[in-house]
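The following dialogue explains how certain terms are applied to a protein model. Each answer sets a value against a definition and draws a conclusion.

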Amino acid sequence: MTDTKEILADVPTGLLIGGEWRDASDGATIDVYNPATEEVIASVASASEEDGLAAVAAADKAGPDWAARAPRERAEILRKSFEMLIARKDDLAKLITLENGKALKDAQGEMAYAAEFFRWYAEEAVRNISEFSTAPSGNNKIMVLQQPVGVSLLITPWNFPAAMGTRKIGPALAAGCSVILKPASETPLTALAIAKILEEAGVPPGVVNVIPSSRSGAVCSAILADPRCRKLSFTGSTQVGRILLAEAAKSVVNCSMELGGNAPFLVFADADIDAAVEGAMVAKMRNGGEACTAANRFFVEAPVVEEFAKKFAAAMEALKVGPGLDDGTDLGPMVNAAACRDISALVDDAVGKGAKVVTGGGQQEGVGHFFQPTVLTDVSDDALILNDEIFGPVAPIIAFDSVDEAVARANDTEYGLIAYLYTGDLAKGLAIAERLDAGMIGLNKGVVSDPAAPFGGTKQSGIGREGAHDGMMEFLEKKYIAVSW
Ligand code: NAP
């Protein structure tokens, strides 16, 4: 067990605006908790609207110089940032666990993933390729440049405190944008620690500003209403995404939205059931179920439903639940008390409507927000758990009888982030993948996240993509120049 003080020793607690670490204009602070002990571990400056606008001014001032730098120079600063994150990944992983609760091995996985976005976008920064063509009429030469969209507001959730930030900062900086990062109030420390590393890696003052705030709505509205802010990149719930889209509409701000999910996980009778269980464990339990990509609804073909449920429940039961920093912990606490209550309410509703608890079933007694790994079967169609994002270690299993039924049930949701399917017949799997209404498909795979792949959803799971080349395009705008010579 590492000492909390040691983990927090070099972590800043101020706002980063224009290269200066400072207190909030009105002295407000946010208490940060360790969800395993429920103790306050730090107090971080909480930005006011005035601070938000100061960050816009700083980003606006720093933007033109950053945009004008050679792509290679921006790339090298990102590459240095990648190397520094890798060098400090173990300390940063402990920091993630301390403020978020997740098991240290999940935090280590997150850090490796988070750092990759700086390496990937260091490589993409030099690939902002323009277009040139002659119009069919022959009367026009069409030149299309891609220019940075400008000052970008980045808003991130608490479930991946490092990766959701680097997945936005990397492409924004590669494209030549300056940014204002508003991390989640539950987990601001990781973002502040990464910002300090970016400074050390050579990111100029004002290019990355970080403003934790417990007054997110007011501060972000003020920023979005400022004409100097030209981009919103948001990751979080669909509910808050809708509010922000309405705010952004007032000044027609360019928006990229990574929102909630309700992922189906389909298991066909011809699948390798052991492989499906292994995939289900990753798809459900990576990050303790607190992931937008977490499998939320398990649809299993009737002849194998019993076998799958039994093996899956055994794997869930084998997990070691405990403080994330303890050796061997597989499942840490949920992020806060409200998260535990919400998960309990979904389980209770399902059980009240006839679901059977195969394993788990509730919150753990005592200190810390621990929830038992839970498997439910015979879940009725009207159970809320099939409609709402669970965001915890609970797996509802439902039997199905045909491909058409499985596809219809999988698509019967307002979300479309990701769907998983397991089958021994690859051609059948690809045909079904085409019919699933989701931005990403895990075909015989329980995890799809990859910095080199386009991440994002259809329907109310979002607009736009992060990662891949697409991620940088979200921070670029085309400029068409009609040329005559
Ligand atoms: P959330 O409540 O929507 O909060 C996300 C961020 O928005 C936080 O920084 C939050 O700040 C801020 N926020 C809240 N209300 C706001 C407002 N009115 N104006 C401006 N900002 C506001 O989501 P969460 O609970 O942190 O994260 C879980 C959600 O994120 C889940 O739905 C999950 O599916 C989704 N998610 C999606 C992806 C993806 O890539 N699609 C990835 C990860 C997570 P405060 O913390 O200060 O409230």
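**Reasoning from definitions**

Q: What does the side chain of Asp51 reach at 3.0 Å, and what makes this a polar contact?
A: In this predicted model, the side chain of Asp51 reaches the backbone nitrogen of Ser25 at 3.0 Å. A polar contact requires a pair of N or O atoms within 3.5 Å, one able to donate a hydrogen and the other to accept it, so the pair qualifies.

Q: Which backbone nitrogen lies 2.9 Å from a polar atom of the side chain of Asp51?
A: The backbone nitrogen of Ser48 lies at that distance from the Asp51 side chain. The value falls within the cut-off of 3.5 Å, and therefore this pair also counts as a polar contact.

Q: Why is Asp51 said to have no salt bridge?
A: The nearest side chain of opposite charge, that of Arg22, is 4.5 Å away. A salt bridge needs a side-chain nitrogen of Lys or Arg within 4 Å of a carboxyl oxygen of Asp or Glu, so Arg22 does not form one with Asp51. Asp51, which lies in helix H2 (residues 49-68), is nevertheless buried; this word means that its relative accessible area is under 20%.

Q: Which residues is Asp51 in contact with, leaving aside its neighbours within four places in sequence?
A: They are Leu15, Ile17, Ala24, Ser25 and Ser46. The word contact is used because heavy atoms lie within 4.5 Å.

Q: How do you know that strands E6 and E22 pair?
A: Eight bridges join strand E6 (residues 141-148) to E22. Pairing requires at least two bridges, so the two strands pair. They run antiparallel, and Val144 has Tyr480 in E22 as its bridge partner.

Q: What makes E5 and E22 edge strands of their sheet?
A: The open sheet has three strands in the order E5-E6-E22 with antiparallel pairing. Strand E5 (131-134) and strand E22 (476-483) each have a single partner strand, so one side of each is left without a neighbour in the sheet.

Q: How do you know that strands E12 and E18 pair?
A: Three bridges join strand E12 (residues 263-267) to strand E18 (residues 418-422). Since at least two bridges are required, the condition is met and the strands therefore pair. They run parallel, and Phe265 stands opposite Tyr420 in E18.

Q: Which strands stand at the edges of the open sheet of seven strands?
A: The order is E14-E15-E16-E13-E12-E18-E19, with mixed pairing. Strand E14 (356-359) and strand E19 (440-443) are the edge strands, as each pairs on one side only.

Conventions:
Residues numbered from 1 in each chain as written. Predicted model: local features only at pLDDT ≥ 70, side-chain atom pairs only at ≥ 80, totals over all residues. Heavy atoms only, no water. Helix = DSSP H or I, 4+ residues; strand = E, 2+ residues; numbered from the N terminus. Buried < 20%, exposed > 50% of the residue type's maximum accessible area, 1.4 Å probe, protein only. Lys, Arg positive; Asp, Glu negative; His and termini not counted.
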